Structure formats: structure tokens, C-alpha cells
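Trainee: Could we go through this structure together before I set up my calculations?

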Amino acid sequence: MADRATIARPYARAAFAHAQASKDLAGWSKLLGAAAEGAADSRVARLIGNPHVTGEELVDLLGGLSGKAGGDGGRNFLRALAANRRLALLPYIAAQVENVVDVEVIAAQKIAAPQEKKLAAALKKRLGREVRMHTRIDGTLLGGAIVRAGDLVIDGSLKGRLERLGSALQNQ
């Protein structure tokens, strides 16, 4: 299955375009933020996948979290997401519209604060967006790190390098 951030991208672009056209960026931001927070809640996530809950009920629930923010256009956007069974993508859509990317860093050991700041700055420059980093430790990497940001994966781990080297030697 395609990465959720990749699937969310055209929806985020459409939401941003509608927000700009209606000159209501703040309203759309409020709508998407509240709806995304609601969709990320485990209780609501169960409702999104429930065949006994209609799309319109979910739109009322998620749209109601922000009051009337986003107006009729925002509600229609949520209806389109519901019709295409994409309401679960709201957190990814909101993050892309807000120009923030969640980056997962899988490291062999704890990253020192100065290195983490340097990495965040380099990723911000490369991705052209604000970076929200989530770090976890994986002792099987031996050294280095793997960075995942949406559909971008940078494998700078020692384990990955050794695997690429071994593959290159086998192909000769």
C-alpha cells in the first residue's frame, strides 16, 4: 500500500487551494487541525472504520470540533474525504497544509542534542518545511541512522551500508 503521506498529498493541495481561494487560511487551518486531532483519537478512529456509522455522521462529528471554521467549503472537503474513505488521513493532510513534516529517525544509539538540531536544520532545508522529529533507538543498526520523512527514506545506517556493499560485491 502506498504511504499515507503520499496519498494525503493531493488532498492537502486541494485543501490549501480552497483555503487560499476563499481567503480563509485561518479557518481552514482551524478546521483541519481540529478534525485531524479528532480523527487521530482512538475512539473516533474506530468510528471511521465502522460500517454502521455514515460518512455524514463522521463529517458532523469532525466538522463540529472546530465550530463553523472552514465554512461550507470545509464541510464539503470533509464530505469528499468521507466519500473516498480518506478521513483517517486527516492528520497527514493537516500536517502537509501546515507545512510541517513528521520525521522518524531510527538511530543505533541516542542522538546528542547538538546533532539532533543539526539534523533537523538539514532536513528543514532539504524538505522545505518545518520538521517535527520523532527518534527511536534500534540496536540492530550497529551505527548511523535511518531517516523517514513521508515517502523519503535516507538509510545512513552502518547495517544498510554493509548490506549495499555486500549486494554490490555479489553483482560483480
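Mentor: The following exchange covers the overall fold, then one strand pair. This is a predicted model, in which local features need pLDDT of at least 70, side-chain atom pairs count only at pLDDT 80 or more, and totals for chains, interfaces and linings use all residues. Residues are numbered from 1 along each chain as its sequence is written, and side-chain values use heavy atoms, with hydrogens and water left out.

Trainee: How many helices and strands are there?

Mentor: The protein has eight helices and four strands, taken as DSSP runs numbered from the N terminus (helices H or I, at least four residues; strands E, at least two). Their order from the N terminus is α-α-α-α-α-α-β-α-β-β-β-α.

Trainee: And what is the radius of gyration?

Mentor: The protein has 20 Å, whereas a compact globule of 172 residues would have a value near 16 Å. The radius is taken over C-alpha atoms, and the globule rule is 2.2 Å times the number of residues to the power 0.38.

Trainee: What share of the residues is buried?

Mentor: Buried residues make up 31% of the 172; the term means under 20% relative accessible area, with a 1.4 Å probe and protein chains only.

Trainee: Why is strand E1 largely enclosed?

Mentor: Strand E1 (residues 100-107) is largely enclosed by the rest of the structure because six of its eight residues are buried.

Trainee: Which way do E1 and E2 run, parallel or antiparallel?

Mentor: E1 and strand E2 (residues 130-137) run parallel, joined by eight bridges; two strands pair if DSSP finds at least two bridges between them. Ile106, for instance, has Arg136 in E2 as its bridge partner.

Key. Buried < 20%, exposed > 50% of the residue type's maximum accessible area, 1.4 Å probe, protein only.
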